[in-house]
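Let's take a stroll through this protein, a few spots at a time. Keep the 3D view open while you read.

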Amino acid sequence: MKISILDDYHDTLRGLVCFQKLEGHEVEIWNDHTDDLDMLAQRLRDTEALVLIRERTKIRAPLLDRLPKLKLISQRSVYPHIDIDACTRRGVIMSSSQHAGTPSYATAELTWGLILSAMRQIPQQMAALKEGKWQAGIGNSVREKTLGIFGYGRIGRVVAGYGAAFGMKVVVWGSEDSRMRARSNGYATADGKEAFFEECDVLSLHLRLVDATRGIVTASDLARMKETALIVNTSRAPLIEPGALVRALQAGRPGMAAVDVYEEEPVLDTHHPLLGIGNVVCTPHIGYVTREEYEVQFSDIFDQIVAYCSGEPINVVNPEVV
């Protein structure tokens with residue numbers, strides 16, 4: 001089978017143990033990124049199975065219509081970047097395990113790293129030290145602070161555990177099912193969304209991006225946060241109302257942010273507004289980017305290709321094609 005893999009920036013996948021699952025197939029890997037429709041159509045013209053790394057490339061009808069040999073798209077996680085209806089019309093199977101309930105310890109670890117970095121001003125202190133300055137300011141401890149977990153799912157519950165281990169008071173908000181799971185694990189839940197945003201010293205978003213959660217964090221929510229509070233987003237930028245985070249930080253509520261995700265990615269403009277705010281810690285969507293996490297994720301993705309080749313596709317999002 002002719003398999004194409006897009007956006008493997010660091011040429012990592014061919015070095016994974018799970019890459020052996022594709023032995024016997026013709027695999028082409030692209031290490032750069034392009035949104036150019038003509039270039040993508042040229043690169044993928046003979047592709048039968050397309051492997052995507054998260055949402056790095058959008059797969060819409062204008063591109064799908066130019067890929068007559070494409071039979072399968074294999075990826076993991078949610079798929080707001082893929083036109084499922086267009087896939088179905090073209091007879092393209094879309095397979096995505098959507099993590100199958102497995103925690104992402106890599107994302108949880110990065111979340112905790114961002115919390116400590118922002119609260120203790122680690123990037124700012126490093127920058128000052130490199131400029132010949134000694135101690136650029138004073139940070140904040142996390143112990144006895146209130147950690148808010150918005151979305152108590154596979155990542156949120158791990159971050160909650162980290163917070164508890166560091167002596168934080170953990171409070172959860174989210175769907176009723178989410179809150180029930182949190183209470184069953186011994187965590188407090190907020191009295192309501194407004195109270196949740198008002199009381200948290202650190203508030204971390206752990207929701208999937210679906211229609212119901214797009215823009216779920218509004219400008220009004222952010223305005224309720226403390227001037228000393230930190231908001232953390234390692235999930236998806238559109239969970240927050242467009243432009244609201246920058247405006248909120250400029251207004252001083254919340255007082256800090258730590259983000260790994262952006263409204264448009266990749267961010268290559270050094271003048272991006274979040275990069276110019278001194279009380280913001282930014283990373284380039286690396287929550288899931290560890291070798292160990294890649295082994296877990298791409299083992300699932302390659303299994304979906306193997307299953308398709310055996311005539312029994314799995315994790316099919318659009319079963320009407322089958």
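Before we start: two residues are in contact when they have heavy atoms within 4.5 Å. Keep in mind as well that this is a predicted model.

## Two residues that reach for an aspartate

Let's begin with Arg43, which sits in helix H1, residues 37-43. Setting aside neighbours within four places in sequence, Arg43 is in contact with Trp30, Asp32 and Thr34. With Asp32 there's something extra: the side chains of Arg43 and Asp32 make a polar contact at 2.7 Å. Is Arg43 buried or exposed? Its relative accessible area is 13%, and buried means under 20%, so Arg43 is buried.

Now hop over to Thr57, in the loop between strand S3 and helix H2 (61-64). Thr57 has a relative accessibility of 2%, so this residue counts as buried too. Its side chain makes a polar contact with the side chain of Asp7, at 2.4 Å. Leaving out neighbours within four places in sequence, Thr57 is in contact with Leu6, Asp7, His33, Thr34, Leu40 and His81. Thr34 may ring a bell: Arg43 is in contact with Thr34 as well.

## Far along the chain, but how far in space?

Asp46 lies in the loop between H1 and strand S3 (49-51). Its relative accessible area is 31%, so Asp46 is partly exposed. How many Å separate the C-alpha atoms of Asp46 and Lys2, which are 44 residues apart along the chain? The answer is 7.1 Å. Apart from neighbours within four places in sequence, Asp46 is in contact with Lys2 and Lys69.

Pro313 gives us another pair to look at. It's found in the segment after H11 and is partly exposed, with a relative accessible area of 24%. The C-alpha atoms of Pro313 and Ser178 are 135 residues apart along the chain, and 31 Å separates them in space. What does Pro313 touch, if you don't count residues up to four places away in sequence? You'll find Ile93, Ala307, Tyr308 and Val322 there.

## Two helices crossing

Here's a handy idea: two packed helices are described by the angle between their axes and the distance between the axes. Try it on helix H4 (residues 105-119) and helix H6 (residues 156-165), whose axes come within 9 Å and cross at roughly 40 degrees. H4 and H6 are therefore oblique to each other. The crossing of H4 past H6 is right-handed.

Which residues make the contact? From H4 come Tyr105, Ala108, Glu109, Thr111 and Trp112, while H6 brings Val158, Val159, Tyr162 and Gly163. Sort the residues of this contact by type and you get 6 nonpolar, 2 polar and 1 charged.

## Around helix H10

In helix H10 (244-251), the buried residues are Ala244, Leu245, Val246, Ala248 and Leu249. These buried residues pack against helix H9 (219-223), strand S10 (230-233), S11 and S12. What happens just after H10? There, Gly252 takes a positive phi of about 95 degrees.

Keep going and you reach Pro254, in the loop between H10 and strand S11 (256-259). The peptide bond from Arg253 to Pro254 is cis, with omega near 0 degrees. There's another cis bond, from Glu265 to Pro266, and here too omega is near 0 degrees. Pro266 has its place in the loop between S11 and strand S12 (280-282).

## Spots that break the usual pattern

Most residues other than glycine have a negative phi, and most peptide bonds are trans. That makes the cis bond from Arg253 to Pro254 worth a second look.

Glu144 is not a glycine, yet its phi is positive, near 70 degrees. You'll find Glu144 in the loop between helix H5 (122-130) and strand S6 (146-150). Its relative accessibility is 69%, so Glu144 counts as exposed. Asn315 isn't a glycine either, and its phi is also positive, at about 50 degrees. Look for Asn315 in the segment after helix H11 (291-309). With a relative accessible area of 36%, Asn315 is partly exposed.

Methods: Residues are numbered from 1 along each chain as its sequence is written. This is a predicted model: local features need pLDDT of at least 70, side-chain atom pairs count only at pLDDT 80 or more; totals for chains, interfaces and linings use all residues. Side-chain values use heavy atoms; hydrogens and water are left out. Axes are lines fitted to C-alpha atoms, for helices over the stretch in contact, and angles run from 0 to 180 degrees between N-to-C directions. Helices (H or I, at least four residues) and strands (E, at least two) are DSSP runs, numbered from the N terminus. Angles under 35 degrees count as roughly parallel, over 145 as roughly antiparallel, 65 to 115 as roughly perpendicular and the rest as oblique. A crossing is left-handed if the near helix is turned anticlockwise from the far one by less than a right angle, and right-handed if clockwise. Ala, Val, Leu, Ile, Met, Phe, Trp, Tyr, Cys and Pro count as nonpolar, Asp, Glu, Lys and Arg as charged, and the others, Gly among them, as polar. Buried means under 20% relative accessible area, exposed over 50%, partly exposed in between (1.4 Å probe, protein chains only). A polar contact is a pair of N or O atoms within 3.5 Å; within protein, one must be able to donate a hydrogen and the other to accept it, and residues adjacent in sequence count only if both atoms are side-chain atoms.
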